[in-house]
Structures are given as C-alpha cells and as structure tokens.
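Hi,

Here is the structure I promised to pass on. Have a look at it first, and then read my notes underneath.

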Amino acid sequence: MKLLRFLCLALCSFVLFPSHAYQQEQEPLVIVNKAINQAAFIKGDNIIKVVGAASGKTEELTPEGLFTVIVKAENPYYRKNDIEGGSSENPLGTRWIGFDARETDGRIYGIHGTNQSSSIGQYVTNGCIRLSNENVEWLYENVPKGTSVYIVKKDVPFQVLIEEVKTLRHKN
C-alpha cells in the first residue's frame, strides 16, 4: 500500500510540477543558422516556421552560441543615427528582439526587422539578425522574454541543431 501511494504521489508531482529540463524542452526556441541565413522557430521538437534572415558582413560580427531574449521593443529607436521608431528610414524595422550575446544588455545584439527587404539572405549586418518586418512581427508575438536563441554556422538540418540545444541545456 505504501509503495502504491508513493508511486501515485511521484506520478502526480511529475504531472503537476514537470522537471525543469522537460519545461525547457517545451519552451519556444529560435535557431539561426548563418550557413544558410535562415531562422527557425521551434516549439518542443517541432519546427513551426523557417524564414530567411540576414547576418553579419563577416563571420565574427554575428556571435555564435546559446543566448537569451532579454529585451523586446515595438518600433525601436535607432540610436546610432538618431532615427525614431516607426520611421520608414529606420533600418531596425518594426520590432527588436534583443538577446544577451557577449555579455550585453539586449540592446546591442538582436533579431530585428528591416527597411531593406532585399538584404534578407545576405551577409550584410553589423552583427544582428535581420528578418523581414512581417516575419519579425510574427516572431515577436510568439517569443517571450527568456526564450533561448541559438546561433550557429553549420551545414546540418535544424533537427540536428534542436538536439544540440537539448545537450547544451542539460549541461547547465
């Protein structure tokens, strides 16, 4: 009887309070592969959406690794050239999803829109990931703060990269 009660409690606690690793695997994930300039939105093991992206002019400009979204902004202000958010001249487009690459505060590196749609698929940025405004707006709605962003340059399918993220998460 005690064993049965123990098993029932153990099962109920797992269902009601899933493990941290299980919760992480169910959280949204963004993977950017610089080798093919594409970004994928992942939920669990499912690839929900893959879109074209632009990345750094040089390989070193766009950092690689596992990062966390810490800033989100609609119609972001472009500090470098003092261009207000919402302006058609703003190269950041309509949304900013900033992450903590190279120990920054989410305002230096990010996934953002663009007023130059022909740049998608190219190596043209100063380090950010650039998406079309339509795609960054969709991503913005589906990616909460705390979401992991994995940036790599590898000739492998996104499914392989999902497994790499799982391994990285289990090491932490």
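**Strand β1, its partners and helix α3**

In β10, Asn 33 has Val 152 as its bridge partner. That pair belongs to a parallel pairing between β1 and strand β10 (residues 148-152), which runs over five bridges. Keep in mind that this is a predicted model.

β1 also pairs with β2, this time in the antiparallel sense and over six bridges. Here Ile 31 sits opposite Ala 40 in β2. The two strands make a hairpin with four residues between them, and if you check the backbone in the turn, Asn 37 has a positive phi of about 45°.

So how many of β1's six residues are buried? Six of six, so the strand is mostly covered. Both faces are involved: Pro 28, Val 30 and Val 32 are buried on one side, and Leu 29, Ile 31 and Asn 33 are buried on the other.

Now for helix α3 (residues 133-142). Its buried residues are Asn 135, Val 136, Leu 139 and Tyr 140. Why do they end up on the same side of α3? Because they cover an arc of only 140° around the axis. The face turned away from that buried side carries the exposed residues Glu 134 and Glu 141.

What do the buried residues of α3 pack against? The list is β1 (28-33), β2 (38-43), β3 (46-52), β5 (65-74), β6 (95-99) and β7 (109-112). That brings us back to the hairpin, as both β1 and β2 are among these strands.

Cheers

Notes:
Residues numbered from 1 in each chain as written. Predicted model: local features only at pLDDT ≥ 70, side-chain atom pairs only at ≥ 80, totals over all residues. Heavy atoms only, no water. Buried < 20%, exposed > 50% of the residue type's maximum accessible area, 1.4 Å probe, protein only. Arc of directions from axis to C-beta. Contact = heavy atoms within 4.5 Å. Pairing = 2+ DSSP bridges.
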